Amino acid sequence: GTIKLWECSWGDTHTNAPIATVAITPNLCFLSGSFDGAIRQATTGDFTATAHQVIVSNKKWVSAGAMSVVPSRDGSLLAVGSLDGVIRLMEYPSLRLVHETPGGKTALLALDLAADNTTLVAGLANGTIDVWPLSGWMCYTLKGHTCPVRALLITRDNAHV
């Protein structure tokens, strides 16, 4: 995969492969997650390949591909979901691990964090959506989809997924 970003005043492009997900933090850092498990970061204004540094490459953390990388809306947290079904919640930008969910259920394809950082939702390859309240980490599973859940979003008022 290739990501190309153009800004008329720069003319630069950013290219890395293979890429599974992209996100932009509130402080305008560009994040990408790839099938090799790496999470890369670049600040706006410099999307050249050399400026796009690897911030997570430890196979112990993301062993099966970073399928979803989601910064919290306030920029304090980073959620990473991988093909092995594991979700890792980290403080951002320090990347200190806050919590790790058990994996193995099925491949994780999509994530979102509630605007108030109270809930995390995960779309899975088996057609279910896991809802993780961040206090207590008791998983609730929503069923009913017959196809993989590749994208999802929590509304700004946290009322709907």
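S32 in strand β2 has R40 of β3 as its bridge partner. This comes from a predicted model, where local features need pLDDT of at least 70, side-chain atom pairs count only at pLDDT 80 or more, and totals for chains, interfaces and linings use all residues. Residues are numbered from 1 along each chain as its sequence is written, and side-chain values use heavy atoms, with hydrogens and water left out.

Back to β2 and its neighbours. Strands here are DSSP runs of E with at least two residues, numbered from the N terminus, and two of them pair if DSSP finds at least two bridges between them. β2 and β3 (residues 39-43) run antiparallel and share 5 bridges. They make a hairpin with 4 residues in between, and G37 in that turn has a positive phi of about 90 degrees. On the other hand, β2 also pairs with β1 (residues 19-24), again in the antiparallel sense and over 5 bridges. One of the contacts in that pairing puts I19 across from S34 of β2, its bridge partner. The β1 and β2 hairpin likewise has 4 residues between its strands, and there L28 takes a positive phi near 70 degrees.

How buried is β2 itself? Of the 6 residues in β2 (residues 29-34), 6 are buried, so the strand is largely enclosed by the rest of the structure. Buried means under 20% relative accessible area, against over 50% for exposed and partly exposed in between, using a 1.4 Å probe and protein chains only. Both faces of the strand are covered: C29, L31 and G33 are buried on one side, and F30, S32 and S34 on the other.

Further along the chain sits an open sheet of 4 strands, ordered β5-β6-β7-β8 and paired antiparallel. Its edges are β5 (66-71) and β8 (97-100), each of which pairs on one side only. Neighbouring strands in this sheet are turned by 15 degrees against each other on average, direction ignored; the axes behind that angle are lines fitted to C-alpha atoms, and angles run from 0 to 180 degrees between N-to-C directions. Within the sheet, β6 (residues 77-82) and β7 (residues 87-91) are antiparallel and joined by 5 bridges, with L77 standing opposite E91 in β7.

As for aromatics, rings of Phe, Tyr and Trp (its six-membered ring) pair if their centres lie within 6.5 Å, with planes under 30 degrees apart counted as stacked, over 60 as edge-to-face and the rest as tilted. That rule gives 1 aromatic pair. W132 and W137 form this tilted pair, 5.9 Å centre to centre with 50 degrees between the planes, and both tryptophans are buried.
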